[in-house]
Amino acid sequence: MSKLIRELERDGFIATRTRKGHIKFQHPAISGCIIGPGTPSDHRSVKNMLALLKRKLRAANDR
C-alpha cells in the first residue's frame, strides 16, 4: 500500500488517513475525494480503488 500511495502522490494526489484507517485521496483535477482501503485485506480492494481513480481522471480529462 505504501508504494501505491507514494506513486499516486508523485502524480499529484494528496493522501490522508481517516480516523477509521482508510486512505482519502484528493486531486486538483477531480471533484470530491476517493476513499480507499488502509490495508489490502481483500485482493480486489486495491484494484477496485485504482479502477475508480482511472474513471474519475478520465471523466475530468473529458471535460
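Rings of Phe, Tyr and Trp (for Trp, its six-membered ring) form an aromatic pair if their centres lie within 6.5 Å; planes under 30 degrees apart count as stacked, over 60 as edge-to-face and the rest as tilted. By this rule the count is one aromatic pair. The partners are Phe13 and Phe25. Their arrangement is edge-to-face, with 6.5 Å from centre to centre and 90° between the planes. Phe13 lies in the loop between helix H1 (2-10) and strand S1 (14-17), and Phe25 lies in strand S2, so the pair ties together parts that are twelve residues apart in sequence.

The structure is a predicted model, in which local features need pLDDT of at least 70 and side-chain atom pairs count only at pLDDT 80 or more, while totals for chains, interfaces and linings use all residues. Residues are numbered from 1 along each chain as its sequence is written, and side-chain values use heavy atoms, with hydrogens and water left out.

The protein chain has two helices and three strands. Helices (H or I, at least four residues) and strands (E, at least two) are DSSP runs, numbered from the N terminus. Along the sequence the pattern is α-β-β-β-α. The radius of gyration of the protein chain is 11 Å, close to the 11 Å that the globule rule gives for 63 residues, so the chain is as compact as a globular protein of that length. This radius is taken over C-alpha atoms, and the globule rule is 2.2 Å times the number of residues to the power 0.38. Along the principal axes, the C-alpha atoms fill a box of roughly 35 × 20 × 20 Å.

Buried residues make up 27% of the 63 residues in the protein chain. Buried means under 20% relative accessible area, exposed over 50%, and partly exposed in between (1.4 Å probe, protein chains only). Contacts are pairs with heavy atoms within 4.5 Å. Of the contacts with a separation of 6 or more, 26% come from residues 24 or more positions apart.

The largest nonpolar core has eleven residues: Leu4, Ile5, Leu8, Phe13, Ile23, Phe25, Ile30, Ile34, Val46, Met49 and Leu53. Such a core is a set of buried Ala, Val, Leu, Ile, Met, Phe, Trp, Tyr and Cys residues joined through side-chain atoms within 4.5 Å. H1, S2 and helix H2 (45-62) each supply at least two residues of this core. Both aromatic partners belong to the core. Phe13 is buried, with a relative accessible area of 5%. Phe25 is buried too, at 1% relative accessibility.

Phe13 has contacts beyond its neighbours within four places in sequence: Leu8, Phe25, Gln26, His27, Ile30, Leu53 and Leu57. The C-alpha atoms of Phe13 and Gln26 are 5.5 Å apart, although 13 residues separate them along the chain.

In H1, the buried residues are Leu4, Ile5 and Leu8. Seen down the axis of H1, they fall within an arc of 100°, so they line one face of the helix. The arc is that of the directions from the helix axis to the C-beta atoms. An α-helix has 3.6 residues a turn, so residues three or four places apart point the same way. On the other side of H1, Lys3 and Arg10 are exposed. The cover over the buried residues of H1 includes S1, S2 and H2. Outside its neighbours within four places, Ile5 is in contact with Ala15, Ile23 and Phe25. Just after H1, Gly12 takes a positive phi of about 105°.

His27 is found in the loop between strand S2 (23-26) and strand S3 (34-36). His27 counts as buried, at 18% relative accessibility. Its side chain reaches the backbone nitrogen of Ala29 at 3.0 Å. A polar atom of that side chain also lies 3.4 Å from the backbone oxygen of Asp11. Not counting residues up to four places away in sequence, His27 touches Asp11, Gly12, Phe13 and Leu57.

Thr39 lies in the loop between S3 and H2. Thr39 counts as exposed, at 52% relative accessibility. Leaving aside neighbours within four places, its contacts are Met1 and Ser45. The C-alpha atoms of Thr39 and Ser2 are separated by 9.4 Å, with their positions 37 residues apart along the chain. Ser45 is found in helix H2. Ser45 is buried, at 17% relative accessibility. Beyond its neighbours within four places, Ser45 is in contact with Pro37, Thr39 and Pro40.

Methods. Polar contact = N/O pair within 3.5 Å; in protein donor to acceptor, adjacent residues only side chain to side chain.
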